[in-house]
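Visitor: I should like to take a close look at a single part of this protein, namely the empty space enclosed within it. Please describe that space and the parts of the chain that surround it.

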Amino acid sequence: MNNIIKNHTGRSRSATLEDVAREAGLSPMTVSRALNNPKVVRPATIARVMQAVNVTGYIPNMLAGGLATSRTKLIAVVVPQINNNMFVDTVQAISDELAARGYHMLLCIVGYEPDAETEIVATLLSRRPDGIVLTGIHHSSDLKRIILNANIPVVEIWDLTPTPIDMLIGFSHEKVGNAIGEYFLEKGFTRFGFICASDRRAVVRKNGAISVLRSQPGTEIREMMVSLPANMEVGRAALKEMLSRGERFDAIICSSDTLAQGVIMEAEARGLRVPDDFSVMGFADLNFAAHNRPSITTVSVDKWALGIRAATMLADRIEGIKVEEPIVDTGYRLVIRESA
């Protein structure tokens, strides 16, 4: 159905809000409310309006509505990557919750370079979003200045600090690393290999683990930084290189489950058995981790709940609802499985 309607002169014109109201048998004000603030309208009324929209082919002018209400119903969500499953659940949860509140999500993939993030966010702000979700807490000074000048709500996710730009929901990567180190110390291991993606948060976790492990005399640690995206192929290549040096390990600690899966695959190809020859640990508890063979020991974060909470905080702030907890620590948990 297109949105072309004949007027009294026989000429074509675009469907209007009044056309929708006429088709639905409702007032234009009720139709406007149903389209722009559906949570205050009865579901039956929304259904009538959406049916009329389908019949007339009406396309809401969100920019015009934004100018009238100072809102565009657009939320920008900025993540570094989505070519592995690390952020997928969180992004989907944000999208679903925002849609339920009547907002539309604009997803932007910015990589891990601060300058790229700054440039893209500056471009996003020209579209006048009602709010922004940023990944992490480390941003350029230019980006912080741009956002503060824009004077719109911001939620940072996937990290923790007492001084966020505005609101924050996440967890301490340093504490995650500490917990990993303490787990392996209790097992009495002394020889460790780290395969870590070149991502600031991954490096913080690695350093947190190493700081604990080095408290035990005689600990041997080998580190390998790998490029992004840190996929299974990269994990296999990293283990291959580490073993080619003649080094032996009690445990290989990876900055993601995807790298850990690659390590396990390479070990199997070489006739090595995990965890008999060495243990392997990942991070994020991705959907395959429990079903891999061996199943992957990892650190779990409730990615879905994090996304729901982030979207709720942002929508509440936009709508003038007080956010009781602007800083939320979601925590984490070690998930012990077969690989370690």
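Guide: Helix α9 is a suitable place to begin, for it gives the most to the lining of the second largest cavity, with four residues. The model under discussion is a predicted one. Rolling a probe the size of a water molecule over the atoms shows where empty space is left. By this rule, two cavities of 30 Å³ or more are counted.

Let us stay with the second largest cavity, which holds about 90 Å³ of space. Its lining includes Ala-202, Arg-205, Lys-206 and Ala-209. Also in this lining are Ile-180, Phe-194, Ile-195, Cys-196, Ile-253, Cys-254, Ser-255 and Phe-283. Two or more lining residues come from each of the elements β8 (191–197), α9 and β10 (251–254). Sorted by class, the lining of this second largest cavity comprises nine nonpolar residues, one polar residue and two charged residues.

The largest cavity contains about 160 Å³ of space. Its lining is made up of 18 residues, and those nearest its centre are Gln-81, Met-86, Tyr-112, Asp-199 and Arg-205. Arg-205 has already been named, since it also appears in the lining of the second largest cavity. Helix α9, which spans residues 200–213, again provides the largest share of the lining, here three residues. The classes in the lining of the largest cavity are 10 nonpolar, five polar and three charged residues. Two domains contribute at least three residues each to this lining: domain 2 (74–171 + 304–330) and domain 3 (173–300).

A sheet may now be added to the picture. Six strands form this open sheet, with parallel pairing, in the order β4-β3-β5-β6-β7-β13. Its edge strands, each pairing on one side only, are β4 (104–109) and β13 (327–329). From one strand to the next, the twist averages 15 degrees. At the β13 edge, strand β7 (residues 167–170) runs parallel to β13 and is joined to it by three bridges. Within this pair, Ile-169 has Val-328 of β13 as its bridge partner. Helix α6, residues 114–125, packs on the sheet and touches β3 (74–79), β4 and β5 (131–135). The direction of α6 makes about 165 degrees with that of β5.

To return to the enclosed space, helix α9 gives the largest share of the lining in the largest cavity, and α9 gives the most in the second largest cavity as well.

Methods:
Residues are numbered from 1 along each chain as its sequence is written. This is a predicted model: local features need pLDDT of at least 70, side-chain atom pairs count only at pLDDT 80 or more; totals for chains, interfaces and linings use all residues. Side-chain values use heavy atoms; hydrogens and water are left out. On a 1 Å grid over the protein atoms alone, a cavity is a set of points where a 1.4 Å probe fits but cannot get out, and a pocket is an open set with protein on both sides within 12 Å along at least five of seven lines; lining residues have an atom within 4 Å of a point. Grid points are joined across faces, edges and corners, and a volume is the space filled by probe spheres set on the points. Ala, Val, Leu, Ile, Met, Phe, Trp, Tyr, Cys and Pro count as nonpolar, Asp, Glu, Lys and Arg as charged, and the others, Gly among them, as polar. Domain bounds come from an automatic or database domain assignment. Two strands pair if DSSP finds at least two bridges between them. Axes are lines fitted to C-alpha atoms, for helices over the stretch in contact, and angles run from 0 to 180 degrees between N-to-C directions. Contact means heavy atoms within 4.5 Å.
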